Amino acid sequence: MKIAVDAMGGDFAPEKIVKGAAKAARRFGCEIVLVGDEEKIKRILTKENRQNDKQIQIVNTTQIIQMNEHPAEAVRSKKDASVVVATRLVKEGECDAVLSAGSTGAAVTAAQLILRRIKGIARPTIATPIPTREGVTLLLDSGANVDSKPEHLVQSAVMGSIYSELVFGVRKPRVGLLNIGEEDTKGNEQAQLTYPLLRDNPSINFTGNAEGRDIPKGDFDVVVCDGFVGNVVLKFAEGLAKVLFRMVKDAIKNGGLLARLGALLIVPPLRKLGKRLDVSEYGGAPLLGVNGCVIISHGSSNEKAICNAIGVANEFVKNNVLQRISDTLAKEEVAEQ
C-alpha cells in the first residue's frame, strides 16, 4: 500500500508531518510518498536517519496552499501545490490514499475536482470518530459542507453506516439525526424533512433523533448533521475535554497534601482516559463520497496524529470502503427505478 502525504500542510509542517509519516511506514509496513519541498523533507529525514529508507519517496513541489486562501481559487491556480499534487497521485493510480493536515477546504476541493464524486453522491462528507464509553460515535458531516439538504444527510447516513461497519466492526450501526429533541416533529425545516427520508431508507438502521448529549453516551453509532453544526460540536467536544483535564490537574495541585496523595491513585486511570479522549489517537477523518481515499487531519496534528491518520488510510483501503459505498449506492439507484 502506498500513501501520499501532503508534507507541507498543517501547523507543524513539514517536520511533524514527515516524522509521523516515517513512523507510520515502519508501524504499518506501507510505502509513503512525501509531497512538498524536497530539500526541507530531506533534511528532516536525515535527522531521523531515514534518508535512505526504501519505504519513503519524495515528490518535489514548489507551492503551498495557505489556510487563509480561498480553497477553490487556490486549487485551480496552484497546480504544483503539495495537496493538489498528492491528490493527483491517487487519481493517476500511483498511490492508494492521500492525507493532508492543511486547509480542509483545499483538501476537500482538490478531492472533488481531481478525484470527482462517487456516482450518486451530491456532496462528500467528513466522518469524524468521537470517543464514547464503549467505542466511538461517527459524526458526519464535521466540516465539508456548511449547508446541506435532506438528501445530502441521507447520503451521509448511508456512507457513515458502511464505514462504521467495515472499519469499526459495528453490525447494523444505529443511525441518529442530530436534533433538539427526540420527537420526529422537533427541529428546523431541514431536520423535519430529513427524518422521514432516513426512516424509510432500507440501507440504514435509523433509530431516531439524537440530541447533543447522546453523542458521547454512545447511544448511536452514526450521527448525521450538516457540516456547520458538526464542526461546532466537534470543536466544542475537543475544547471541553482539554478544559476538564486542566481543571482536574488544577484541583489536585491546589488541593493540598491529601489531594496530591489521592492523585497517586487516580493518575493511572486518568492517563488511560486521556488516551481515549486524545484526538491524536484517531489521527484523521475520512472524506467519504469521492473516488478515492482522502484522510483529513487536524491542523495542529503532531507526529503521533499523522502516524495514526495513516493507519486510518490503511484501514480504509484494506476494508475496501470505497467499493462498498459505490455498490450500495448503485443498488439504491436500481431500486428507485
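Start with the whole protein chain: of its 337 residues, 49% are buried. Keep in mind as you look around that this is a predicted model. Colour by secondary structure and you should find 12 helices and 12 strands in the protein chain. Among the chain's contacts with a separation of 6 or more, 72% are between residues 24 or more positions apart.

**Stop one: the largest nonpolar core**

Which residues have the most contacts inside the largest nonpolar core? Select Val5, Ile32, Leu34 and Ile310, and you have them; the core as a whole has 55 residues. Next, highlight helix H6, residues 150-168, which gives this core its largest share, eight residues. As background, nonpolar side chains in soluble globular proteins tend to be buried together.

**Stop two: around leucine 34**

Now centre the view on leucine 34 and show what surrounds this residue. Setting aside neighbours within four places in sequence, leucine 34 is in contact with Val5, Ala7, Val18 and Ala21, and also with Ile41, Leu45, Ile56, Gln57, Ile58 and Val59. Then move to another core, which lies apart from the largest one and has 29 residues. Ile65, Ala86, Ala285 and Ile296 are among its members, so to speak your handles for selecting that core.**Stop three: a cavity**

Rolling a probe the size of a water molecule over the atoms shows where empty space is left. How many cavities of 30 Å³ or more are there? The count comes to one, and the largest cavity has a volume of about 60 Å³. To see its lining, select Asp6, Met8, Gly9, Ile64, Ile65, Ser82, Val83, Ser100, Gly102, Ser103 and Ala106. Colour these lining residues by type: five are nonpolar, five polar and one charged.

**Stop four: the cysteines**

Select cysteine 95 and cysteine 225 next. Are they buried or exposed? Cysteine 95 counts as buried because its relative accessibility is 5%, below the 20% cut-off. Cysteine 225 is buried too, also at 5% relative accessibility. If you are looking for disulfides, the structure holds zero.

**Last stop: lysine 42**

Finish at helix H2, residues 38-47, where you will find lysine 42. Its relative accessibility is 37%, which lies between the 20% and 50% cut-offs, and therefore lysine 42 counts as partly exposed. From here, draw a distance to asparagine 52, 10 residues apart from lysine 42 along the chain: the C-alpha atoms of the two are separated by 9.8 Å.

Key. Residues numbered from 1 in each chain as written. Predicted model: local features only at pLDDT ≥ 70, side-chain atom pairs only at ≥ 80, totals over all residues. Heavy atoms only, no water. Core = buried A, V, L, I, M, F, W, Y, C linked by side-chain atoms within 4.5 Å. Buried < 20%, exposed > 50% of the residue type's maximum accessible area, 1.4 Å probe, protein only. Helix = DSSP H or I, 4+ residues; strand = E, 2+ residues; numbered from the N terminus. Contact = heavy atoms within 4.5 Å. 1 Å grid on protein atoms, 1.4 Å probe; cavity = no way out; pocket = protein on both sides within 12 Å on 5 of 7 lines; lining within 4 Å. Points joined across faces, edges and corners; volume = space filled by probe spheres on them. Nonpolar A, V, L, I, M, F, W, Y, C, P; charged D, E, K, R; others polar. Disulfide = S-S within 2.5 Å.
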